[in-house]
Amino acid sequence: MTGLTTCIIAIGSEITRGIIQDTNSHWLARRLTSIGVDVRRIIIVPDDMSEITWALRACIEACNIVITTGGLGFTSDDITIPVIAESLGLKRVYSPVVYEMVKNRLVGRIPEHLEVVYPPEGAEPLPNTVGVSPGFHLVYNGRHLFILPGVPAEMENIFEGEVMPRLARLTGTSVTTLKVITKHEVEAEVDKLLEPLRVKYKWAYIKTHARKPVEITIQVYGANREDIDEKVNTLLRELSKILEIEVAS
């Protein structure tokens, strides 16, 4: 392990009431472990100020990386941003950058509850290219706090595109990204063929894209350039056994 420790906080009354399952924490734990980050705690709390405050403060004491998911939407119970700011004693500052991010992703009227455009002071917005609300990265007393949406596709998108590169720098892990073009037309079929590779190679992130032909984005993490090159070659050999592929330049 790298010496970095993480706490994951899943926020949402719909989880604590058993309406939906918390799949985000399982997914995050697997990805964090793949780059040597030790997951110490996974906590689920409802949309309640006192519960979120307790979890956040406890996790900041226990770990040097804290990741929250949920509560960044546009309804009255989406309270993650104001609660985090209050819990840490930080002012909230209007962000025109975040406002433009939200406005550009929405079609129609801007929602009434726009807590995300007033993030805690010092929070860096993390673009959300598949949804509306961005995530945030905040450094607080030497701790790295990543605030992510609860919708799995949005959380995963921001984590892979924005959080993982930051964590790779913290862990000293090297990363490379490949674009692979297949000769297949149906994404679901390609995705099913790739699932055994995802299970076998935890150090790789493999994502299909619904284009024609189907494209695959691959991120490979390793200790150094030589380690990554070896892993890339291994993965491409395995891919070529199950798919007709071409690596884009």
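## Two domains in one chain

Domain bounds here come from an automatic or database domain assignment. On that basis, the protein chain splits into domain 1, covering 5–171, and domain 2, covering 174–243. Keep in mind that this is a predicted model.

How far apart do the C-alpha centres of domain 1 and domain 2 lie? The separation is 27 Å. The two parts do meet: eight residues of domain 1 are in contact with six residues of domain 2.

## The chain as a whole

The protein chain carries eight helices and ten strands. Its C-alpha trace spans about 55 × 45 × 35 Å along the principal axes. Does that go with a compact globule or against one? For 249 residues, a compact globule would have a radius of gyration near 18 Å, and the 19 Å of the protein chain agrees with this.

Of the 249 residues, 48% count as buried. As for the contacts with a separation of 6 or more, 69% come from residues 24 or more positions apart. On the outside, the protein chain exposes about 12,200 Å², with carbon and sulfur atoms supplying 51% of that area.

## Around the start of β1

Let's begin with G3, which sits in the segment before β1. G3 counts as exposed because its relative accessibility is 58%, and the cut-off for exposed is over 50%. The C-alpha atoms of G3 and N64 are separated by 9.4 Å, although their positions lie 61 residues apart along the chain.

Move on to T5, in strand β1 (residues 5–11), and the picture changes. T5 has a relative accessible area of 9%, so T5 is buried. Which residues does T5 touch, leaving out those up to four places away in sequence? The list is V37, D38, R40, A62, C63, N64 and I65.

One of those partners, A62, belongs to helix α3. With a relative accessible area of 31%, A62 is partly exposed. Not counting residues up to four places away in sequence, A62 touches T5, C7 and R41. A62 and R41 are 21 residues apart in sequence, and their C-alpha atoms are 8.7 Å apart in space.

## α4, an enclosed helix

Helix α4 takes in residues 80–88, and eight of its nine residues are buried, so α4 is largely enclosed by the rest of the structure. The buried set is T80, I81, P82, V83, I84, A85, S87 and L88.

What covers these buried residues? The cover includes strands β1, β3 (65–69), β5 and β6, along with helix α3 (49–62). Just after α4 comes G89, with a positive phi of about 70 degrees.

## N141, between β5 and β6

N141 lies in the loop that links β5 (135–140) and β6 (143–148). Its phi is near 50 degrees, a positive value in a residue other than glycine. Is N141 buried or exposed? N141 counts as exposed, because its relative accessibility is 65%.

## α7, kinked near a proline

Now for domain 2, which covers 174–243. Helix α7 has 14 residues (187–200), and at 1.5 Å a residue they should span 20 Å; the end C-alpha atoms are 20 Å apart, which agrees. Even so, α7 has a kink of about 35 degrees at L194, shortly before the proline P196.

L194 is also one of the buried residues of α7, together with V190, L197 and R198. Among the elements covering these buried residues are β8 (204–209), β9 (215–222) and α8 (225–242).

## A cis bond after β8

Two of those covering strands, β8 and β9, are joined by a loop that holds P213. The peptide bond leading from K212 into P213 is cis, with omega near 0 degrees.

How values were computed
Residues are numbered from 1 along each chain as its sequence is written. This is a predicted model: local features need pLDDT of at least 70, side-chain atom pairs count only at pLDDT 80 or more; totals for chains, interfaces and linings use all residues. Side-chain values use heavy atoms; hydrogens and water are left out. Helices (H or I, at least four residues) and strands (E, at least two) are DSSP runs, numbered from the N terminus. The expected span of a helix is 1.5 Å times one less than its number of residues. The bend at a residue is the angle between axes fitted to the seven residues ending there and the seven starting there. Buried means under 20% relative accessible area, exposed over 50%, partly exposed in between (1.4 Å probe, protein chains only). Contact means heavy atoms within 4.5 Å. The radius of gyration is taken over C-alpha atoms; the globule rule is 2.2 Å times the number of residues to the power 0.38. Accessible areas come from the Shrake-Rupley method with a 1.4 Å probe; for residues, only the protein chains shown count as cover.
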